[in-house]
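Reader: I'm new to this one and a bit lost. Could you pick a single part, take a close look at it with me, and then show me how it sits in the rest?

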Amino acid sequence: MRTFLKGPKMAVLWTIIRIWLGIQWIEAGWHKMTDGFDAGGFLQGAIAQAGGDHPAVQGWYAAFLEGFAVPNVELFNVLIPWGEVLVGLGLILGAATIPALIAGAFMNLNFLLAGTVSTNPILMTVAVILLFVGAASYHYGVDRFAIPFIKKQMNNNETENTVNAA
């Protein structure tokens with residue numbers, strides 16, 4: 001079963017899902033870049049959800065938002081849209097797929113911790129599934145060729161360093 005799920009036939013399905021996920025990220029980031037984005041209101045709203053009997057945002061996360069994110073909101077105003085677009089591009093192209101999936105899942109986790117459900121559970125679940133299928137997620141993508149090339153270059157450099165050290 002494992003071989004089937006990670007084989008080239010299933011890689012077609014994983015590629016379609018990966019590209020769909022990439023499009024979701026591109027759309028989210030592109031709107032923020034073109035329409036303007038200010039995380040300040042979102043951060044204040046998340047902090048406000050930390051109170052009451054059943055808070056949507058845990059106190060420790062609200063403290064992180066208040067102590068780090070709010071004072072650095074200008075940084076987040078750049079990182080979030082660009083991060084979303086870059087994750088989307090990586091997923092669509094199948095380039096740096098695993099780092100893009102990890103970064104996307106991490107953003108989804110932070111949005112969830114800030115009390116925003118929306119599509120975040122779906123996007124995070126898809127990212128985790130694609131992480132579990134590993135190389136099958138980028139069988140049809142740039143990484144299929146880039147990763148072996150990079151490994152070969154690293155091994156060549158390692159061999160040269162060993163020869164030069166001797």
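Author: Sure! One term before we start: a helix here is a DSSP run of H or I with at least four residues, a strand is a run of E with at least two, and the numbering begins at the N terminus. With that in hand, the pattern along the sequence of the protein chain reads α-α-α-α-α-α-α-α. The radius of gyration is 20 Å, well over the 15 Å that the globule rule gives for 166 residues, so the protein chain is more spread out than a compact globule. In total that is eight helices and zero strands. Keep in mind that what you're looking at is a predicted model.

The part I'd pick is helix α7, which covers residues 120–133. Let's come at it from the loop before it, then walk along it.

Between α6 and α7 there is a loop, and serine 118 sits in it. Its phi is near 45 degrees, which is positive even though the residue is not a glycine. Why might that catch your eye? Most residues other than glycine have a negative phi. Serine 118 is also exposed, since its relative accessible area is 58% and exposed means over 50%.

Now step into the helix itself. Asparagine 120 belongs to α7, and with 6% relative accessibility it counts as buried, the cut-off for buried being under 20%. What does the side chain of asparagine 120 make a polar contact with? The partner is the side chain of asparagine 108, at 2.8 Å. Leave out residues up to four places away in sequence, and asparagine 120 touches Asn108, Phe111 and Leu112. Helix α6 runs 97–113, so to speak the stretch to look at when you trace those contacts.

Further along α7 you'll come to leucine 130. Its relative accessible area is 0%, so it is buried. Which residues is leucine 130 in contact with, leaving aside neighbours within four places in sequence? They are Trp14, Ile17, Arg18, Leu21, Leu101 and Ser137. Glutamate 84 makes a useful reference point for distance: it is 46 residues from leucine 130 along the chain, with 17 Å between their C-alpha atoms.

Some of those partners lead us to helix α2, residues 8–35. Lysine 9 has its place in that helix, and at 74% relative accessibility it counts as exposed. Its C-alpha atom is 9.3 Å from that of alanine 136, although 127 residues along the chain separate the two.

Arg18, which we met as a contact of leucine 130, turns up again with isoleucine 92. That isoleucine lies in helix α5, and at 30% relative accessibility it counts as partly exposed. Isoleucine 92 and arginine 18 are 74 residues apart along the chain, yet their C-alpha atoms are separated by 6.7 Å. Not counting residues up to four places away in sequence, isoleucine 92 touches Arg18, Ile19, Gly22, Ile23 and Ile26.

After α5 (73–93) comes a loop that leads to α6 (97–113), and alanine 96 is placed there. Here is another positive phi in a residue other than glycine, near 55 degrees. Alanine 96 is partly exposed, with a relative accessible area of 41%.

For one more stop, try helix α4, residues 59–69, where you'll find alanine 62. Is alanine 62 buried or exposed? At 5% relative accessibility, it counts as buried. Setting aside neighbours within four places in sequence, its contacts are Ile47, Ala50 and Val57. Glutamine 44 is 18 residues from alanine 62 in sequence, and 9.3 Å from it C-alpha to C-alpha.

Now zoom out. Of the contacts in the protein chain with a separation of 6 or more, 76% are between residues 24 or more positions apart. Buried residues account for 33% of the 166 residues. The C-alpha trace spans about 60 × 45 × 35 Å along its principal axes. The chain exposes about 10000 Å², with 69% of that supplied by carbon and sulfur atoms. As for charge, there are 8 positive and 10 negative side chains, and the centres of the two sets lie 23 Å apart.

Terms used: Residues are numbered from 1 along each chain as its sequence is written. This is a predicted model: local features need pLDDT of at least 70, side-chain atom pairs count only at pLDDT 80 or more; totals for chains, interfaces and linings use all residues. Side-chain values use heavy atoms; hydrogens and water are left out. The radius of gyration is taken over C-alpha atoms; the globule rule is 2.2 Å times the number of residues to the power 0.38. Buried means under 20% relative accessible area, exposed over 50%, partly exposed in between (1.4 Å probe, protein chains only). Contact means heavy atoms within 4.5 Å. Accessible areas come from the Shrake-Rupley method with a 1.4 Å probe; for residues, only the protein chains shown count as cover. Lys and Arg count as positive and Asp and Glu as negative; His and the chain ends are not counted. The place of a charge is taken as NZ of Lys, CZ of Arg, CG of Asp or CD of Glu. A polar contact is a pair of N or O atoms within 3.5 Å; within protein, one must be able to donate a hydrogen and the other to accept it, and residues adjacent in sequence count only if both atoms are side-chain atoms.
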